[in-house]
Amino acid sequence: MRTALSVVFSILIIALVICQVFARRSKKPIGRAVAFLLAGMATPVLGNLIIITASNQLIATIGYYVYFLGMDTAVYSIWFFMHDYCDMGKPKRVYNTLILVFFAVDLIHYILNPFLHLSFATEQIMVENRAYYRLVPYLGQAYHRVFCYGLFFAILIVFIVKTVKASRVYSEKYWVMLFSMICTGAVETYYIFSRQPLDVSMIGFGMFGLLVYFFALHYRPLKLLDRMLAGMASEMPEALFFFDRSGRCIWSNDPGRKLIGVSNENYDDVKDDLRFLFGDIDFDSSGWVKRITLGTGEDTQYTYLAMRSVVDDKGKVTGSYLSVRDITDEQREMKREMYRATHDSLTGLYTKEYLFENISRRLENDSKTDYMIGYIEIANYKVINDVFGRKFGEYTIKHIADFISKNAGENTLYGRLSGEAFGLLIDKADFNEEMLEERLERFTIRDDNLEHRILIHFGIYDIDPESERDIPLFFDSARLATTMIKDTYQKHIVYYDDKLRNEIIHNQLISNQLKDAIAERQIRPYLQPIVDSRGMLAGAEALVRWIHPDEGFMNPGDFIPVFERNGLIAEVDRYMWRCACEILSEWKKKEIGSFISVNISPKDFYYMDVVSELKGLVEEFGIDPVKLRIEITETAMMTDSVDILKLVSGLREYGFIVEMDDFGSGYSSLNLLKDMDIDVIKIDMQFLRDSERNMKAGTIIKSIINMSEELGIDTLTEGVETAKQFEKLYAMGCKLYQGYYFSKPVPVEDFEKQWFD
Ligand code: C2E
Ligand code: CA
Ligand code: CA
């Protein structure tokens, strides 16, 4: 028995030590307290091992010392552990100090025992035919017991309270501890008071230590887990149905019961109910998901079903569960998001990106149809916006979006590309150019009884099925086509073709060459004489010419429109005005009194301060501003970029003579005349040309001349080609004449030779 017991004690000590090591390494916060407790439990066992194996009294006495001090440590370590285990926080300082004082007193009286013999002695008895040193307790031993029992009972009381107070799922962890402490304590007490020589209760100590180790560090309260999971599942918004291995429904959460209208825990008809709601559902397999759409339009319901299997820790399937989620709101929100992301908010048309995406897909999937790209732009949008306001601008955009929707063929894709531009993919078979041209011609928008003429340009790029599918490039080409529309009110639809492409390339080329051309004087003024009624020279108009090294002689019609589109016209005009001033300053030296008139492009106003530019020039060359006449066309006068009234009066105040060029060619010549003070009217040559065949045109010229006279404005007629015309105009009272009849525009030297030599 003694040998067997010593073997058991040894095994327990080893086990406790090993667990202690593991507990110390544990990542759980309670690990330290457990490690301390295990050490506390191992010490009295070790003491007893020494006692039962002791071969003489001294060793036995040492064993008793280890045992008693071990008991102190053991109870103290349980006290310490209790705080962690019962979530009581750190031990209170007062209690802790009190216990340590008791502990210290106990320690001291044991130390003094060899001298005072107050604690205990040992007596030799025979147990199993071997000497055994039994304890003979004295009074001091009673102190030790009171201390240990006192603390032990205090601990027991805490555990009893905890066990009673804890909720059902937690009480388990307390009563396991309580139970094993009571058992260990009882057996120990029995041993002490029965004075049994061999302390079997130490096994209880060891077992208690191991139990604590397990419960505190490794035990997972499954019941607690179950309850938590069930609680969580009930709280879930989705309906959940759990099935056992045989496929029987065993549980469902509240939303689940609500879904199938079951109020009790009777799950017999769950599968039928679910099939009734969602059609055929495969309950026999798991790992699938399914989206179900019920109803149509506004009432569409979207449901997401997922069947999953439940696997235990060995990987065996123990059952399955079905989750049913109503995703209608998410789906609707997603659709709204999708719509917002893909549709323009103002017009409801596709956004540029979405349009491109759709076109790309269409071209990819449908190679049989012949398609072309359309680019629609509101040419006068800036004016509309500035003059009539942003609101009307938006109204216009919406109107055009409607126009596109109404006129687009079934097979057409379209969207809004940017502010005033729209893009289309057009099925050629659907496209009726003539009809569209006619509709664009008549395109107006009404607002408050006012009709607004909206100028739409429609560029078309014919897609070559062989070419690379570069949609942004297609649109660029279609857009470029619209920039080439010159006669803005006559034609609305333009195709991008090779001719246009070459033209664009050519335009780019001459734009790049302009700077050098000016520096090298390839660009230079020609002068055309202006004569009075006696046929005497009054002055000249400076008209630009480009003697191009490769292309030869170029008239302004070949390059001015190009430069007006890209803004380079300002460079040309600034240079031309300078040339005119140079010539005038030469003439001044030669005492020639003729004037030179120069042209101003409407685009000049965008790129420079015309007045200060001109003033600067006459000052630089020291010429009389009266000698530099300024020709402003009627269209330029209608520009919205500057206050033209102020500009004209500024020029006149400074001494320039301002002429209204091409009078009668636009729409509001008379209107302008009413508001603006000008010096000379240049009657558009078309009138003179028309007057050959048309009596009315002649009458108009006559009226203009008469009217001007009354307003104190001089008249100049352009395009005089014959003596007859000259005579007629003379008879009508015209003051100045310009035309081939007198001379074509000629180089400056030729002009001077002809008129001054
Ligand atoms: P414009 O200002 O009306 O110039 C008169 C045009 O009529 C000139 O054409 C001139 O050569 C032409 N012309 C003069 N007499 C007759 C005639 O008896 N019969 C016919 N059929 N034509 C005649 P050009 O030089 O080709 O200039 C065309 C237009 O280019 C000008 O029209 C003007 O608007 C513009 N332009 C010319 N030079 C400049 C310039 O330096 N700057 C700007 N911004 N525009 C210019
Ligand atoms: Ca002119
Ligand atoms: Ca003119």
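## A buried acid at the calcium site

E718 has a relative accessibility of 6% and therefore counts as buried, since the cut-off for that class is under 20%. This value, like the others in this report, comes from a predicted model. E718 appears twice in the coordination of the calcium ion (ligand 3), through two OE entries. The other donors to that ion are D661 (OD) and D662 (OD), and the coordination distances run from 2.3 to 2.5 Å. In sequence, the donor residues follow the spacing D-D-x55-E.

The pair D662 and E718 links distant parts of the chain, 56 residues apart. D662 belongs to strand β20 (residues 657–663), while E718 sits in the loop between β22 (714–717) and α27 (723–732). D662 has a relative accessibility of 23% and so counts as partly exposed.

## The second calcium ion and the shared aspartate

The calcium ion (ligand 2) has four listed donors: E541 (OE), N599 (OD1), E631 (OE) and D661 (OD). Their distances to the ion are 2.0 to 2.3 Å. The spacing of these donor residues in sequence is E-x57-N-x31-E-x29-D. E631 is part of strand β19 (residues 628–633) and D661 is part of strand β20, so this pair ties together parts that are 30 residues apart in sequence. E631 and D661 are both buried.

Which residue coordinates both the calcium ion (ligand 2) and the calcium ion (ligand 3)? D661 does, and the two ions are 4.0 Å apart. D661 thus has a bridging role between the ions.

## Salt bridges

The structure holds 29 salt bridges. One of the residues involved is E631, already described as a donor to the calcium ion (ligand 2). E631 forms a salt bridge with K682, with 2.5 Å between the closest N and O atoms. This pair also links distant parts of the chain: E631 lies in strand β19 and K682 in strand β21 (residues 680–683), 51 residues apart. E631 counts as buried because its relative accessibility is 0%. The relative accessible area of K682 is 0% as well, so K682 is buried.

In helix α19, K589 and E586 are 3 residues apart, about one turn of the helix. Their side chains meet in a salt bridge with an N to O distance of 3.3 Å. K589 counts as exposed because its relative accessibility is 65%. E586, with a relative accessible area of 37%, is partly exposed. A salt bridge of 3.6 Å (N to O) joins the side chains of D675 and K674. D675 is partly exposed at 47% relative accessible area, and K674 is exposed at 61%. In addition, E333, R336, E337 and R340 are joined into one network by salt bridges that share partners.

## Nonpolar cores

The largest nonpolar core has 76 residues, and L628, I632 and I678 touch the most other members. Helix α19 (residues 569–589) gives the most to this core, with 12 residues. Once neighbours within four places in sequence are set aside, I678 is in contact with M637, V648, R652, V658, M660, L673 and I713.

A second, separate core consists of 63 residues. Among its members are C19, A23, Y132 and V212.

## Antiparallel strands

Strand β5 (residues 288–294) and strand β6 (residues 301–311) run antiparallel and are joined by 7 bridges. Within this pairing, I292 stands opposite T303 in β6. The hairpin of β5 and β6 has 6 residues between the strands, and G295 takes a positive phi near 80° there.

Strand β6 also pairs with strand β7 (residues 317–326), again antiparallel, through 9 bridges. S309 has S320 in β7 as its bridge partner. The hairpin of β6 and β7 has 5 residues between the strands, and G315 in the turn has a positive phi of about 90°.

## Domain layout

The chain is divided into four stretches: domain 1 (2–224), domain 2 (236–332), domain 3 (343–496) and domain 4 (519–756). How far apart do the C-alpha centres of domain 1 and domain 4 lie? The separation of these two centres is 121 Å.

How values were computed: Residues are numbered from 1 along each chain as its sequence is written. Chains are lettered from A and ligands numbered from 1 in the order in which they are written. This is a predicted model: local features need pLDDT of at least 70, side-chain atom pairs count only at pLDDT 80 or more; totals for chains, interfaces and linings use all residues. Side-chain values use heavy atoms; hydrogens and water are left out. Donors are N, O and S atoms within 2.8 Å of the metal (3.2 Å for Na, K and Ca); water is not among the atoms, so sites may look incomplete. Helices (H or I, at least four residues) and strands (E, at least two) are DSSP runs, numbered from the N terminus. Buried means under 20% relative accessible area, exposed over 50%, partly exposed in between (1.4 Å probe, protein chains only). A nonpolar core is a set of buried Ala, Val, Leu, Ile, Met, Phe, Trp, Tyr and Cys residues joined through side-chain atoms within 4.5 Å. Contact means heavy atoms within 4.5 Å. Domain bounds come from an automatic or database domain assignment. Two strands pair if DSSP finds at least two bridges between them. A salt bridge is a side-chain nitrogen of Lys or Arg within 4 Å of a carboxyl oxygen of Asp or Glu.
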